[in-house]
Amino acid sequence: MKHEIQDSNSSSARGLVNGLTQRLLHGDIGSLPVLLGLVLIAIVFQIANPNFLTPLNLTNLLVQIAAVGSIAVGVVLVLLIGEIDLSIGSVSGLTAAIMAVISVKLGLPGWLAILAGIVSGAAIGLIHGWWVAKLHVPSFVVTLAGFLGWQGALLYVLGNTGTINLSDPLIIGISNSRLPVIAGWVIGVVFIIGYAFTLFRERAQRARIGVPNQAVALVIGRIVLIAAVILAAIGMMSVDRNPSRTVPIMGVPSAVLFLIGFIIIFDYLTRKTKFGRYIYAVGGNAEAARRAGINVDRIKIVVFILSSALAACGGILAGSRLYAVNQSSGGGDVLLNAIAAAVIGGTSLFGGRGNVWSALLGALVIGSIANGMDLLAFTSSIRFMVTGAVLLIAVTLDAYTRSRRELTGSS
Amino acid sequence: MDDHKKSPILELKKISKRFGAVQALSEVDFEVYPGEVVGLVGDNGAGKSTLVKVIAGTYQPDSGQYIFNGQEVSVNNPHQANMLGIQTVYQDLALCDNLDVVANLYLGREETQPVIPGLFNSIDEITMEQRALHFIEDLHVNIPSIRSRIATLSGGQRQSVAVARAVMWNSKVVLLDEPTAALGVEQTQQVKELIVRLREQGLGVVVISHNLVDIFDVSDRIIVLRLGKSVAKFQTHVSNPEQVVSAITGAVFGATENEAKN
C-alpha cells in the first residue's frame with residue numbers, strides 16, 4: 001500500500017508522465033484546451049495583422065478585458081457552487097451609476113463613491129444569495145429578475161441625465177494610470193521570489209514529516225514557467241508603447257493590476273482556505289457538505305455577495321476607463337462575455353470544477369477575438385458569431401470530459 | 001464472542017417509534033459490543049431504516065432507553081450522536097466527487113495554520129495529508145493515492161473512503177447502511193475486509209444489508225427485525241441462513257429459541 005502511494009507521486013519523470021496521462025484519461029484536462037486556443041488565436045491574428053502582437057496592442061487588450069475579467073472572477077465562484085448569476089451586467093452598471101451619482105451629482109469624495117458602489121453591490125448580492133439559499137428559488141430565476149430589476153434601477157438612478165461624465169481624479173485613475181516601470185518590476189520579482197519560497201518551504205516540510213513530495217524538477221519547472229510569463233508580461237508593458245514617440249507611455253496599467261490582484265486573491269481564497277474548500281464541496285455534493293457540518297446556505301449567500309461585489313468592481317473599472325457611466329453601462333454583451341469567459345477558461349457549468357484563473361484565460365480568449373477582429377475591421381456580427389462558436393466548443397469539451405469522467409470513475 | 005462479560009457500547013431497550021398510524025418500531029431491543037459486528041436484517045418495511053435513524057439521532061424514539069457506554073443518554077440530533085462517537089455511512093455515501101481523498105476525509109474538520117495569527121487561517125494540507133496517509137494505511141484501504149479525486153475511484157474504493165471518513169474521528173460505533181449494495185465481487189471483498197479491521201480495532205460495527213451471504217461472512221451476531229419488532233437474535237457461527245430467512249419472513253416462530261444469551 002505504502003509502495004503504491006509513493007509510486008504515483010514518485011519523483012521519477014516516468015511517474016510524472018503517468019500522473020499526467022492518468023489525469024487526461026480521466027477527463028481532467030483543466031486549462032490545456034484554452035491555452036492551446038490562445039496560442040492558435042495569437043498565431044492567426046498575427047498572420048492577418050502584424051500589429052496584433054505588439055506591446056501597444058497587447059497592453060490595450062489587457063486593459064480592455066480588466067472589467068469583464070473581474071466580473072468573470074465572480075462568475076467562477078458562482079459556477080463553482082453550481083449556481084448561476086445573470087444579474088452581473090446590470091449590477092455592474094447600477095453600482096457604477098451609484099458611484100457616479102455620489103461623486104458627480106452629490107460632489108462627495110471619490111473614495112466614498114467607490115466604496116458606496118462596492119457596498120451596494122455586496123448588498124444586492126446578499127439579497128440574491130438569501131433568496132436562493134433561504135427561499136429555495138433557482139438562482140437562474142432570482143438573478144434573471146435581478147437582471148431586469150437592476151437594469152431598471154440603473155435608469156432610475158441616472159434619471160433624465162442619461163450620461164454622467166466622471167471627473168474625480170481617483171475614480172479616473174483606477175483604470176487610467178500606470179505604475180512606474182520600476183514598481184512593476186519590483187512587484188513582479190517579489191511575487192516570483194515569494195512563490196518560489198512558498199513552494200520550497202512546502203517541499204521541506206513534506207520531506208521533514210515524510211509525506212510524498214513532488215519532483216524537484218517539476219517544482220523548478222513551475223517556478224521557471226511562472227517567472228517567464230510574469231517577466232515577459234511586465235517587460236512588454238515596460239517598453240515605450242506610444243507609436244508616435246512624443247511622450248513615452250510605459251508601465252503596467254492600473255486596470256491590469258486590479259484584475260491580476262483579484263485573480264490572485266480569489267485563487268488563494270478558493271484553494272487555500274476552508275471557505276474555498278467549502279465552495280468546491282457545495283458545488284460537488286451539497287448534501288455531503290451539509291452532512292459534514294458545513295453551513296451550505298451561508299456559503300451560497302457569501303458567494304453571491306462576492307459575485308455582485310466583483311461585478312461592482314468591474315463596473316467601476318469600466319466606468320473609469322470610459323470616463324463616464326451611462327444608460328448602457330453593464331448592458332450589451334458584458335453579462336454574456338463574463339459568463340462565457342469563465343466557461344471558456346475551463347470552469348464547469350455543472351458546479352464543483354474549475355478555478356479562478358479560468359476567468360483570466362477566458363477573458364483573454366474573448367478579448368483577443370474582439371481585439372483582433374477590430375484590428376481587421378470586421379463588424380461585430382462576425383465577432384459575435386466567432387465568440388459564440390468558441391463558447392460552444394468550450395462547453396462541449398466540458399460536457400464531453402464530464403461524461404468521460406463518469407465513465408472512467410465508475411469502472 | 002462467547003465471553004460477553006463486557007458491557008455493550010450501545011444498547012437500545014424497548015424502543016418504540018410511531019409515525020401517525022404506522023407503528024414503525026415497537027419495543028425493539030438492540031445492542032452492539034465493542035469489537036463486534038452486528039448484522040441488522042429484515043424485510044423491506046421491517047423498521048431497519050427507522051432503527052438506524054434512531055441510533056444516528058435523526059429520529060427521536062417515542063419511548064425506550066438509549067444507553068451509550070453504560071449511561072442512558074438522550075440523542076436529539078445527528079450531531080449529538082457524532083459527538084458520542086456514533087457514525088453512520090449511508091448508501092448514498094456523502095462524498096464530494098470533485099475533491100480528493102484527503103479533502104473528503106477532513107471535510108468540515110480541516111486542519112488550519114495561521115497566516116495572519118488570530119485573523120486569517122489557511123488549510124494545513126501537509127498535516128492533513130500525513131494523518132490521512134497513516135490512517136488509510138492502518139485500514140489497508142487500497143486506493144491509488146490519497147490525492148486521487150473521488151470521481152476517479154471505483155465503487156468499492158469510494159465505499160472504503162466513506163467508511164474511513166466515518167471512523168476517523170474517534171468513533172466507537174459505526175453503522176453501515178447497505179455497504180456492499182451495487183458493488184462487484186472484488187469490491188465487496190474489499191469492504192468486508194475493511195469491516196473486519198474495524199472490528200479488530202475495537203469498534204462496534206452495525207451492518208444493515210439485504211445480502212445474507214455478506215452478513216454471514218462478516219457478522220458475529222445477527223438481529224432480525226420484522227414488522228417493527230426485534231423478533232430474533234442469532235450467534236452467526238452457530239446459525240444458518242435458512243433460520244435467519246425464516247425469522248425475516250416469519251415462517252417459523254420458534255426462531256427465537258436460538259436467541260443469544262447476553
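The following legends describe close-up views of a predicted model with chains A and B.

In this predicted model, local features are reported at pLDDT of at least 70 and side-chain atom pairs count only at pLDDT 80 or more, while totals for chains, interfaces and linings use all residues. Residues are numbered from 1 along each chain as its sequence is written, and chains are lettered from A and ligands numbered from 1 in the order in which they are written.

**View 1. The hairpin of strands E1 and E2 of chain B, with E4(B) as a further partner of E1(B).** Strands (E, at least two residues) and helices (H or I, at least four residues) are DSSP runs numbered from the N terminus, and two strands pair if DSSP finds at least two bridges between them. E1(B), residues 10-19, runs antiparallel to E2(B), residues 22-32, and seven bridges join them. B:Phe19 has B:Val22 of E2(B) as its bridge partner. Two residues lie between the strands of this hairpin, in which B:Gly20 takes a positive phi near 55 degrees. E1(B) is also joined by five bridges to E4(B), residues 63-68, again in an antiparallel arrangement, and here B:Leu12 has B:Tyr66 as its bridge partner.

**View 2. The open six-stranded sheet of chain B.** The strands follow the order E6-E9-E10-E3-E11-E12, with mixed pairing. E6 (86-89) and E12 (229-235) of chain B stand at the edges and each has a single partner strand, so one side of each is left without a neighbour in the sheet. From one strand to the next, the twist averages 20 degrees, the angles being taken on a scale from 0 to 180 degrees between N-to-C directions of axes fitted to C-alpha atoms, for helices over the stretch in contact.

**View 3. Strands E6 and E9 of chain B, with helices packed on the sheet.** Four bridges join E6(B) to E9(B), residues 173-177, and the two strands run parallel; B:Val89 stands opposite B:Leu176 in E9(B). Helix H5(B), residues 155-167, packs on the sheet and touches E6 and E9 of chain B (contact: C-beta atoms, placed from the backbone, within 7 Å), and its direction makes about 165 degrees with that of E6(B). Helix H6(B), residues 185-200, also packs on the sheet, touching E3 (36-42), E9 and E10 (204-208) of chain B, with its direction at about 150 degrees to that of E10(B).

**View 4. The contact between chain A and chain B.** Chain A gives 35 residues to this contact and chain B gives 27 residues. On the side of chain A that touches chain B, the elements that give two or more residues include helices H1 (2-8), H9 (181-209) and H17 (380-409) of chain A, and the largest share, six residues, comes from H12(A).

Terms used. Contact = placed C-beta atoms within 7 Å.
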